[in-house]
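Biologist: Thanks for joining me! Shall we talk through this model together, one question at a time?

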Amino acid sequence: MRYSFPGKFLWGTSTSALQIESSSAEGSLHDWKGFRARDGSVLDEAINHQSQRESDAEIIASLGNAYRGGFDWSRLQKGPKADLEVKVVDEYREFYGRLKEKGLHLMLVLHHFANPQWFAEGGSWASSQAPDIFNNYVKRMADAFGDLADTWNTINEPSGLATMGYLLGQFPPRKRNPIAAWRAFRGLGKAHKQAYRSLKEICPDAPVGISNVTMNF
């Protein structure tokens with residue numbers, strides 16, 4: 001049997017900053033820093049994408065016509081509602097600009113599991129202030145990267161983040177607290193809603209979505 005796909009079907013690769021930027025990335029200070037896997041290995045020492053972006057771009061472009069990638073929020077914003085770090089913005093713009101020049105469709109993900117340490121210390125997603133803080137970041141990112149984003153993804157797998165972080169205790173902040181989990185679920189939902197509205201206001205032509213996951217136990 002032969003399967004066919006539409007001519008504009010998007011094929012490609014996907015990563016998150018947490019997965020590919022090592023702990024040596026300048027200015028990186030998030031709540032997964034030093035997090036150890038079951039075998040004892042430190043996850044954020046696994047790879048060093050920030051020093052090999054040029055070669056990585058070549059590999060990404062060879063694997064399809066689209067790329068889903070993200071950012072290390074902790075490198076970009078050093079406190080609640082702070083200005084973005086210009087040097088870091090320029091680094092990401094150079095990388096994503098290189099991919100655009102190669103003709104790739106870019107889906108830019110604004111949150112993929114990792115939170116700045118200052119956000120985590122402020123209560124993370126269980127805090128009532130979290131949606132507004134995140135929305136400020138979203139607006140600044142839309143201004144900084146709106147010309148490069150073909151599609152926006154607000155939050156990667158929010159239900160997984162809340163479940164693993166606040167019910168099962170396997171992601172930061174490693175809690176097993178149903179009340180905190182409920183607050184995190186609610187905060188993430190509100191954050192997506194606000195982010196969607198902000199992105200459509202600033203980048204009206206770009207599709208905006210969310211990545212969902214079904215948790216099976």
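Biologist: Let's begin with the second largest cavity: which element gives the largest share of its lining?

Modeller: Happy to start there, and keep in mind that the model is predicted. Helix 1, strand 2 (66-70) and helix 4 (86-101) each supply at least two residues of that lining. The largest share is 3 residues, and the element that gives them is helix 4.

Biologist: What is the volume of the second largest cavity?

Modeller: Its lining includes Thr15, His49, Arg53, Tyr67, Tyr92, Phe95 and Tyr96. By class, the lining has 6 nonpolar, 4 polar and 2 charged residues. The space these residues enclose, the second largest cavity, has a volume of about 50 Å³.

Biologist: And how much space lies in the largest cavity?

Modeller: The count comes to 2 cavities of 30 Å³ or more. Helix 1 (17-20) and strand 3 are the elements that give two or more residues to the lining of the largest cavity. Among the lining residues are Ala17, Leu18, Phe71, Trp73, Leu110 and His112. The space in the largest cavity is about 90 Å³.

Biologist: His112 is in that list, so to speak, of wall residues. Is His112 buried or exposed?

Modeller: His112 sits in the loop between strand 3 and helix 5 (117-121). Its relative accessible area is 15%, and the cut-off is under 20%, so His112 counts as buried.

Biologist: Which side chain makes a polar contact with the side chain of His112?

Modeller: Let's set aside the neighbours within four places in sequence. His112 is then in contact with Thr15, Ser16, Leu18, Arg68 and Asn156. A polar contact of 3.1 Å joins the side chain of His112 to that of Asn156.

Biologist: Now for the pockets: which element gives the largest share of the lining of the largest pocket?

Modeller: The largest pocket has a volume of about 170 Å³. Its lining divides into 4 nonpolar, 3 polar and 3 charged residues, and includes Trp125, Pro131, Trp182, Arg183, Arg186 and Lys190. The largest share is 5 residues, and they come from helix 8.

Biologist: What length does helix 8 reach from its first C-alpha to its last?

Modeller: Helix 8 covers residues 178-202, which makes 25 residues. At 1.5 Å a residue, the expected span is 36 Å. The model comes close to that expectation, with a reach of 36 Å.

Biologist: Which residue caps the N-terminal end of helix 8?

Modeller: Look for a side-chain oxygen 3.0 Å from the backbone nitrogen of Ile179. The residue that carries this oxygen is Asn177.

Biologist: Which strands help to cover the buried residues of helix 8?

Modeller: The buried residues of helix 8 include Ala180, Ala184, Leu188, Ala191, His192 and Leu199. Helix 6 (130-145) and helix 7 (158-166) are part of what covers the buried residues of this helix. The cover also includes strand 3 (105-111), strand 4 (151-156) and strand 5 (208-211).

Biologist: Let's finish with Val208: how far apart in space are Val208 and Lys81, C-alpha to C-alpha?

Modeller: Val208 has its place in strand 5, and it is buried, with a relative accessible area of 16%. Apart from neighbours within four places in sequence, its contacts are Trp152, Thr154, Tyr196, Leu199 and Lys200. Val208 and Lys81 are 127 residues apart in sequence, and their C-alpha atoms are apart in space by 22 Å.

Key:
Residues numbered from 1 in each chain as written. Predicted model: local features only at pLDDT ≥ 70, side-chain atom pairs only at ≥ 80, totals over all residues. Heavy atoms only, no water. Helix = DSSP H or I, 4+ residues; strand = E, 2+ residues; numbered from the N terminus. Expected span 1.5 Å × (residues − 1). Buried < 20%, exposed > 50% of the residue type's maximum accessible area, 1.4 Å probe, protein only. Contact = heavy atoms within 4.5 Å. Polar contact = N/O pair within 3.5 Å; in protein donor to acceptor, adjacent residues only side chain to side chain. 1 Å grid on protein atoms, 1.4 Å probe; cavity = no way out; pocket = protein on both sides within 12 Å on 5 of 7 lines; lining within 4 Å. Points joined across faces, edges and corners; volume = space filled by probe spheres on them. Nonpolar A, V, L, I, M, F, W, Y, C, P; charged D, E, K, R; others polar.
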